[in-house]
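Please open the model in your viewer and keep the selection tool at hand, as this tour moves from one selection to the next.

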Amino acid sequence: MGQEKIGVLLANLGTPDAPTPAAVKRYLRQFLSDKRVVDTARLLWWPLLRGVILPLRSPRVAKLYQSVWMEEGSPLMVFSRRQQQALAAQLPDMPVVLGMSYGNPSLKSAVDELLSHNVTHIVVLPLYPQFSCSTVAAVWDELGRIFADYRTMPSISLIRDYAEDTSYINALAASVKRSFAQHGEPDLLLLSYHGIPQRYANEGDDYPQRCRDTTRELLSALELPPEKVMMTFQSRFGREPWLMPYTDETLKMVAEKGVKHIQVMCPGFSADCLETLEEMAVQNREVFIEAGGTKYEYIPALNDDPAHIAMMVNLIDRYR
């Protein structure tokens, strides 16, 4: 055997190619067709998705994307590319590629690029700090589908998650402290994670526990009293119960109870995107202010913060 050649695949969810109804519809069709995301029986789901949800949601979601779109493109793509480039600069002896579960660049294009470098071992780093069947497992499923058509394959290591990783927690804590220094310490720090249907957790997805693990470690690193921090879940979709408490309802409740100054952070997002820049920074700010709050700051995702890139290097170094 020759010497092993390692390549890194950074994986994230994906984003539309443009902030237009047609591009958003294309993206949402792929995303909402994945059984890991929506597991409703196809016979019921397809007509609802194609006949009702896509025609109604696509123009509305396209407008939201237009409000956060950056000069270089979709925020998620811009920050993911910066992460990839910064990580590649730290790992000059390894090819580092970016692949998305939905949209472009696809996971298949990322795998093909790594194979063109003759890698013998792919380290897959899904940029989801807390495991969920709807995110990390969807990456694993797609890799299985890709290699089903190949006659050979490299070794594959999947970094399942890094919810309690010390360098990740320290990077989050430093980010919170910077925000406190800039805006003053708030009455409450709200940690908002992306939600999943409660049923997924009942069926064995340990995502809520991994969110609690991150929250516990961050609370410890910040040395904040427990009553100054709350953990909630955002971005629910559809009619069945999702993980609670819900972020928007919690913001309304705490403002009505007299909380005036709040700062919010989304530790489950490794890169800023529609759900952080529009839902958290804009929509939920309005909810809080309208309910009687006066000061609301959104703490950005770690994006390409040097401490975040150092954390990625640290995770990948274990496979050298």
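Begin by selecting Arg-199, which has a relative accessible area of 27% and is therefore partly exposed. This is a predicted model, and the values along the tour should be read with that in mind. Now add Asp-39 to the selection: at 30% relative accessibility, Asp-39 likewise counts as partly exposed. The side chains of Arg-199 and Asp-39 meet in a salt bridge, with 2.9 Å from N to O. The two residues belong to distant parts of the chain, 160 residues apart, since Arg-199 sits in helix H7 (residues 198–202), while Asp-39 lies in the loop between helix H1 (21–32) and helix H2 (42–68). Side chains of opposite charge can pair when their charged atoms come close.

Next, select Arg-82 and Glu-72, whose side chains meet in a salt bridge at 3.0 Å, N to O. Here the partners are 10 residues apart, with Arg-82 in helix H3 (residues 75–90) and Glu-72 in the loop between H2 and H3. How exposed is each partner, Arg-82 and Glu-72? Arg-82 has a relative accessibility of 28% and so counts as partly exposed, whereas Glu-72, at 55%, counts as exposed.

Move on to Arg-320 and Asp-317, which form a salt bridge whose closest N and O atoms are 2.6 Å apart. Asp-317 is partly exposed, with a relative accessible area of 35%. Then select Asp-161, Glu-164, Arg-210, Asp-213, Arg-216 and Glu-217 together, and you will have a network of residues linked by salt bridges. In total, the count for the model comes to 24 salt bridges.

Now switch to a cartoon view and look for the sheet. Which order do its strands follow? The sheet is open and has four strands in the order E2-E1-E3-E4, paired in parallel. Strand E2 (96–103) and strand E4 (155–158) stand at the edges, and because each has a single partner strand, one side of each is left without a neighbour in the sheet. On average, and with direction ignored, neighbouring strands of this sheet are turned by 30° against each other.

Within the sheet, select strand E1 (residues 6–15) together with E2: the two run parallel and are joined by seven bridges. To find a particular place along this pair, pick Gly-14, which stands opposite Tyr-102 in E2. Then add helix H11 (residues 306–317), which packs on the sheet and touches both E1 and strand E3 (121–126). The direction of H11 makes about 140° with that of E3.

Finally, clear the selection and take in the protein chain as a whole, whose secondary structure comes to 11 helices and eight strands. Along the principal axes, the C-alpha atoms fill a box of roughly 65 × 50 × 40 Å. For 320 residues, a compact globule would have a radius of gyration near 20 Å, and the chain, with 20 Å, agrees with this. Of these 320 residues, 54% count as buried. The chain exposes about 14,700 Å², of which carbon and sulfur atoms supply 53%. If you display contacts between residues at least 6 apart in sequence, 77% of them join residues at least 24 apart.

Methods. Residues numbered from 1 in each chain as written. Predicted model: local features only at pLDDT ≥ 70, side-chain atom pairs only at ≥ 80, totals over all residues. Heavy atoms only, no water. Pairing = 2+ DSSP bridges. Axes fitted to C-alpha atoms, helices over the stretch in contact; angles between N-to-C directions. Contact = heavy atoms within 4.5 Å. Rg over C-alpha atoms; globule rule 2.2 N^0.38 Å. Buried < 20%, exposed > 50% of the residue type's maximum accessible area, 1.4 Å probe, protein only. Areas by Shrake-Rupley, 256 points an atom, 1.4 Å probe, with all protein chains shown as cover. Salt bridge = Lys/Arg side-chain N within 4 Å of Asp/Glu carboxyl O.
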